[in-house]
Amino acid sequence: MYLITGGLGGIGMTLAEYLVRSCHARLVLTGMDAVPDPALWEDGNDEPLDGADKALAERVSRIRKLVALGGEVVTARCDAADRDQTRELFDTIDKRFGGLDGVVHAAGVFETQRAFRGLDDTGREDCVRRLRPKVEGTLVLAEFLRGRKLDFVLMQSSLSSHLGGLGFYAYTAGNAFMDAFAERHHDADVPWMTVNWDGWIFRERDDDTVHQSVVSPSFASPDFGVVAEIAIRPSEGQDFYSRLMNMAEPHQVLISTADFEGRIDQWVRSATDRQAAPLGHDRTSTTDDADVESGIAEIWTDVLGAGDLTGSSDFFALGGDSLLGVTVAHRLSLRFDVVLSMITMFDNPTIDQTAAEIRRLRGRAAGGTK
């Protein structure tokens with residue numbers, strides 16, 4: 001019998017399907033919201049969910065699939081970081097199933113609308129929301145696993161704890177905590193382990209035809225910040241899980257779908273070099289409003305090596321990434337005497353949009369339109 005905290009999310013459901021397919025597992029899946037009523041799938045219930053919340057309907061559909069594959073599924077509303085709720089959950093598990101064989105800790109918060117925020121726009125609430133399930137949730141889980149003997153305790157971490165990531169301050173810290181916890185507490189009775197995942201997209205590759213490659217789509221996209229070509233798909237994730245379940249010793253496994261050392265070079269080792277690069281004439285600011293578009297194009301050409309730019313030219317479509325965006329934002333700030341963050345590049349990826357934002361900031365600084 002296996003517990004998956006956050007088991008009603010995308011990664012949790014993917015692992016649930018693997019466990020059911022491989023051993024007809026009995027599962028307890030927890031979540032914070034849209035937790036479906038068991039009556040919706042028990043006794044072969046397959047009635048359509050007309051008018052149901054989209055997230056709820058999708059979860060019911062996936063649970064029905066698990067049951068059809070031979071699994072036994074129990075759902076529970078539980079905050080992994082809440083000691084009282086977790087105590088009640090474990091009491092229920094012990095009474096109904098007589099014990100526990102393994103745990104997957106997949107609880108976490110990743111909101112596309114709030115994920116990418118500059119440090120000056122990241123408050124205590126943002127940090128608490130992301131740290132709570134990964135830090136407090138891990139500590140509470142450890143308390144109730146003490147004295148048990150399990151096959152595995154698999155925590156879902158991220159490559160962000162090694163590569164960092166724009167606006168990922170709290171998210172990265174939470175994952176780094178889980179990595180360190182697994183290293184410190186891994187033993188024969190409770191074999192803690194973290195898996196540092198690359199980005200996921202919850203559709204298969206043959207379903208990509210109607211989707212654009214996503215390096216910097218709008219904040220409304222569930223794939224925000226994920227590069228489609230190298231993202232992990234559900235079937236690939238299940239294949240990874242089958243390998244992980246056969247690993248006896250490691251307490252941490254990194255899964256990178258692109259050359260990891262190359263990414264370290266690009267994202268970590270080169271960051272200091274990029275920030276220290278000479279800025280030349282950008283140190284002299286200009287206030288000529290008519291010069292904004294041409295100034296942006298000049299800096300883009302210098303950084304990206306792109307020519308024939310127009311107002312609709314898109315920074316990311318031209319090969320820009322987060323690190324280059326930091327450099328460009330800094331140079332534009334110096335040139336036009338404004339404060340531009342990297343987030344501005346995501347919100348305003350074209351020359352026209354960036355120019356409009358620079359003019360807006362200038363107007364606000366001069367006491368104009370707010």
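**Pairing, crossovers and burial in a predicted model**

Trainee: Which residue is the bridge partner of Leu-29 in E3?

Mentor: The bridge partner of Leu-29 in E3 is Thr-75. This is a predicted model, in which local features need pLDDT of at least 70 and side-chain atom pairs count only at pLDDT 80 or more, while totals for chains, interfaces and linings use all residues. Residues are numbered from 1 along each chain as its sequence is written, and side-chain values use heavy atoms, with hydrogens and water left out.

Trainee: What makes E2 and strand E3 a pair?

Mentor: Two strands pair if DSSP finds at least two bridges between them. E2 and E3 (residues 72–77) have six bridges and run in the parallel sense, so the criterion of at least two bridges is met. Strand E1 (residues 2–5) is likewise parallel to E2, joined by three bridges; Tyr-2 has Leu-27 as its bridge partner in E2.

Trainee: Through which helix does the chain cross from E1 to E2, and what is the hand of this crossover?

Mentor: The chain passes through helix H1 (residues 10–23), and this β-α-β crossover is right-handed: with the strands pointing away from the viewer, the path from the first strand over the helix to the second runs clockwise. The crossover from E2 through helix H2 (residues 54–68) to E3 is right-handed too. Helices (H or I, at least four residues) and strands (E, at least two) are DSSP runs, numbered from the N terminus; the chain has twelve helices and seven strands.

Trainee: Why is strand E2 called largely enclosed by the rest of the structure?

Mentor: Five of the six residues of E2 (residues 26–31) are buried, so the strand is largely enclosed. Buried means under 20% relative accessible area, exposed over 50%, and partly exposed in between (1.4 Å probe, protein chains only). Of the 370 residues of the chain, 48% count as buried.

Trainee: How do you know whether Leu-15 is buried or exposed?

Mentor: Leu-15 has a relative accessible area of 0%, so it is buried. This residue lies in helix H1.

Trainee: Which residues does Leu-15 touch, not counting residues up to four places away in sequence?

Mentor: Leu-15 touches Ile-4, Val-104, Tyr-241 and Met-245, where contact means heavy atoms within 4.5 Å. Leu-15 and Asp-239 are 224 residues apart in sequence, yet their C-alpha atoms are 9.8 Å apart in space. Among contacts in the chain between residues at least 6 apart in sequence, 72% join residues at least 24 apart.
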